[in-house]
Amino acid sequence: EIPTLTLLYTTNRLAPSDTNQSNATSTYNDKISLIRTDITKLQTAAIVNAANESLLGGGGVDGAIHRAAGPSLLEECETLNGCATGDAKITAAYDLPCDKVIHAVGPVYARAKRAGAHTRLLQSCYTRSLDLAVEHGCRSVAFSALSTGVYGYPSVEAAEAAIGAVKGWLDADGERSAKIERIVFCSFLEKDERAYEEFIPQFFPPA
Ligand code: ADP
């Protein structure tokens with residue numbers, strides 16, 4: 001299945017043009033986008049990879065990112081000593097059109113669910129990635145649908161957790177969230193796109 005390169009949803013399209021910018025919701029409405037594409041094509045400051053604990057490459061989006069970035073990405077990843085589930089690390093982007101790659105390690109759904117930790121671990125990937133983006137001066141961030149591929153996280157549950165985590169992060173600290181201009185949810189498969197379409201308007205209602 002070849003994904004279409006179309007911006008499917010951007011919350012600012014839903015906001016009336018006379019939106020009062022002092023209203024928190026309208027601010028969010030300028031910030032959240034949904035796109036269905038190959039994340040390696042995006043020119044956001046940072047893209048978020050669905051990595052594994054080794055950080056040494058894998059299949060899915062991880063493989064696509066390493067192929068497009070070139071071998072220097074793996075060389076840098078080899079110096080990082082892996083990454084715990086629920087955490088993230090940042091590297092340069094080499095031949096990719098973005099500036100930085102944030103490698104987040106989402107939970108393996110079945111295993112994390114048995115421990116009751118799946119939501120917390122998935123959400124911490126999103127908040128840690130946003131923290132890293134701010135620390136490194138990245139003003140726009142595109143997330144792949146972490147854990148929804150080989151790691152088996154159901155799309156609808158993952159979208160709700162992901163969007164909820166981003167909303168919570170934006171709400172928690174206005175000064176910090178002002179440093180991020182745009183957050184893009186980059187879906188690849190239709191099932192993930194539909195899940196985001198369901199939850200983005202719930203968490204970020206049109207003004
Ligand atoms: P995980 O092991 O965390 O489940 P996967 O790479 O298997 O990681 O899947 C994560 C998500 O990335 C899935 O929704 C998958 O459809 C998506 N995906 C795969 N290739 C790409 C790509 N080139 N760009 C964006 N998303 C992709």
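Is Gly82 buried, exposed or partly exposed? Gly82 is partly exposed, as 16 other C-beta atoms lie within 10 Å; 20 or more would make a residue buried and 12 or fewer exposed, partly exposed being in between, with C-beta atoms placed from the backbone. This is a predicted model, in which local features need pLDDT of at least 70 and side-chain atom pairs pLDDT 80 or more, while totals for chains, interfaces and linings use all residues. Residues are numbered from 1 along each chain as its sequence is written.

**View 1. Surroundings of Gly82 in the loop between α4 (71–78) and β4.** Leaving aside residues up to four places away in sequence, Gly82 touches Glu53, Ser54 and Leu55 (contact: C-beta atoms, placed from the backbone, within 7 Å). The C-alpha atoms of Gly82 and Leu56 are 7.8 Å apart, with their positions 26 residues apart along the chain.

**View 2. Strand β4 (residues 88–92) and its antiparallel partner β5 (residues 100–105).** The two strands are joined by five bridges (pairing requires at least two DSSP bridges; strands are DSSP runs of E, at least two residues, and helices runs of H or I, at least four, numbered from the N terminus). Ala88 has Ala104 of β5 as its bridge partner. Four of the five residues of β4 are buried, so the strand is largely enclosed by the rest of the structure.

**View 3. Helix α7 (residues 155–172).** Its 18 residues should span 26 Å at 1.5 Å a residue, which agrees with the 25 Å between its end C-alpha atoms (expected span: 1.5 Å times one less than the number of residues). Buried residues of α7 include Ala158, Ile163, Trp169 and Leu170.

Terms used
Two residues are in contact if their C-beta atoms, placed from the backbone, lie within 7 Å.
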